[in-house]
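Let's take a walk through this fold, one piece at a time. Have the chain open in your viewer and follow along.

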Amino acid sequence: MADANQKFVIVPHATPAKTGADLRVQDFAEIYAGFMDTAARDQASRCAQCGVPFCQSACPLENNIPDWLRLAAEGRPEEAWAQAEATSALPEICGRVCPQERLCDGACTLERSGWTTVTIGSVERWLGDMAFENGWVTPIRPRVERGQSVGIIGAGPAGLAAADRLRSAGYAVTVYDRHDRAGGLLTYGIPGFKLEKPVVMRRVDRLIEGGVTFRLGVEVGSHLPFDDLRAAHDAVLVATGVYQARRLTAPGCGSRGVIAALNYLIASNRKGFGDDVPPFDSGDLNAAGKRVVVIGGGDTAMDCVRTAIRQGATSVTCLYRRDRANMPGSAREVGNAEEEGVRFEWLAAPRAILGGAESVTGVRAARMALASQNSEGRWTVEEVDGGDFELPADLVIEALGFEPEDLPSLFETPDLAVTEWGTVRTARRTRATTLEGVFAAGDIVRGASLVVWAVRDGQDAAAEIDAWLKSRLPERAAA
């Protein structure tokens, strides 16, 4: 039988079909179609099966990418799925939301040698969706119940990944979250055009079916004392993420009509679920009929501008202080936004919000220029003399990034050490905090980052909690 792999010389690079901009802005459905079986196998067959898989080393999860591409190309998708889920608790989600151009695709040997990358993320998504459709995603059924419990604070990607691994190892797991649905930013932060919510909910449902308990609408600290939670479990994992928005400090930024990105995205996603959202219905968190300016250059800013287009904004402008080449957000998302009618003002920073306390009329901005690079290659910027200009706006969305909440105060645990940035301090190798039996993972440790890193951190933390609990078994028996 002919080799099904290394066909990059005869099979051209292709991506899944993308809905045209005129149609896709009419709803919040995912804009990329899934691969059909033949197309997925063809694209997987392009893998060079190189001896040093740079795609794997560039993946935070160190997924066995060449192995499952080979199996997929050979018509063995169920075996390929087994390889994919062995290293990732959320493969079909990462296949949708990872910035592959900065990770696996970007490191692909073919991409670097001029042959064009394998479409790794799209094949990963295809495998995951096929696995759910065909019943290959099996329920969690631990081989043994260990008689110990773990409490996880946060139902985002780090918490879900840790819950998957810990329940599979036989621990009783309870996940606590402030929201009324699990998923964290997967549910309430990322819009449906990138990640449809049933994709998240089926993962949550699998955990529930496997015995994981979710206590939703519970704010640890105010609703449930942290000490009570610790007393209820043998170990605790803090996976709260970072939700505190960085805010503008320019004059007028306290006006009605200047809103935080996450509040805006949560309201939009709640409406997608059919929830009653008064701030949306009142227009405070709704872009319909408004001139919108989004300030920021990350993926959250792209989520906001594309959401505003779908809500019926009359115009949407993204204001970013550096140029396109130095934008931290996904280049793919910038391209999608431009196709959908978003205007970008590069090298521009807000100087003041115009209007009054009860309404916004515009943004006064300053033109910027790249000045110098720091040791990490990040450009500083400086104002251009005489470069001020104004943008009309009825709604200004701050997408400036996120910072950790003050957990020692929120949890009333001053002994929980944090870094100078407010993230939870953990031991370098074990992810243990300064409180015995309390571990931390995800953005609350590393700062705002990618979903795939949260999954990796959650899985690693689960392994370390497992090792710690096993080490305490003789002590427990003696007691």
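Leaving aside its neighbours within four places in sequence, which residues is R324 in contact with? The partners are V334, G335, E338 and W346, where contact means heavy atoms within 4.5 Å. Before going further, a word on the ground rules: this is a predicted model, local features need pLDDT of at least 70, side-chain atom pairs count only at pLDDT 80 or more, and totals for chains, interfaces and linings use all residues. Residues are numbered from 1 along each chain as its sequence is written, and side-chain values use heavy atoms, with hydrogens and water left out.

Back to R324, which sits in the loop between β8 (315-319) and α17 (331-339). Those labels are DSSP runs numbered from the N terminus: helices are H or I with at least four residues, strands are E with at least two. R324 has a relative accessibility of 40%, so it counts as partly exposed. On that scale, buried means under 20% relative accessible area, exposed means over 50%, and partly exposed is in between (1.4 Å probe, protein chains only). Look along the chain to C304, 20 residues away from R324, and you'll find 17 Å between the two C-alpha atoms.

Now for the sheet. Five strands make up an open sheet with parallel pairing, in the order β3-β2-β1-β4-β16. β3 (213-216) and β16 are at the edges with a single partner strand each, so one side of each has no neighbour in the sheet. From one strand to the next, the twist averages 20°. Two strands are said to pair if DSSP finds at least two bridges between them. Start at the β3 edge: four bridges join β3 to strand β2 (residues 172-177), and T174 has T213 in β3 as its bridge partner.

Further along, strand β1 (residues 149-153) pairs with β4 in the parallel sense over four bridges, with V150 opposite A235 of β4. On to the other edge, where β4 and strand β16 (residues 438-440) are parallel too, over three bridges. Here V236 stands opposite V438. What about the faces of β4 (residues 235-238)? Both are covered: A235 and L237 are buried on one side, V236 and V238 on the other.

Next, the helices. Helix α5 (residues 77-87) and helix α9 (residues 120-134) have axes that come within 10 Å and cross at roughly 110°. The axes are lines fitted to C-alpha atoms, for helices over the stretch in contact, and angles run from 0 to 180 degrees between N-to-C directions. The two helices are therefore roughly perpendicular to each other, a label for angles of 65 to 115 degrees. The contact is built from P77, A80 and W81 of α5 together with W126, L127, G128, M130 and A131 of α9.

α9 turns up again with helix α2 (residues 37-44), whose buried residues are A40, Q43 and A44. These residues cover an arc of only 100° around the axis, so they are on the same side of α2; the arc is that of the directions from the helix axis to the C-beta atoms. The buried residues of α2 pack against α4 (65-73) and α9.

Finally, a backbone detail. R431, in the loop between α18 (407-410) and β16, has a positive phi of about 60° although it is not a glycine. R431 is buried, with a relative accessible area of 17%.

Definitions and conventions: Parallel < 35°, antiparallel > 145°, perpendicular 65-115°, else oblique.
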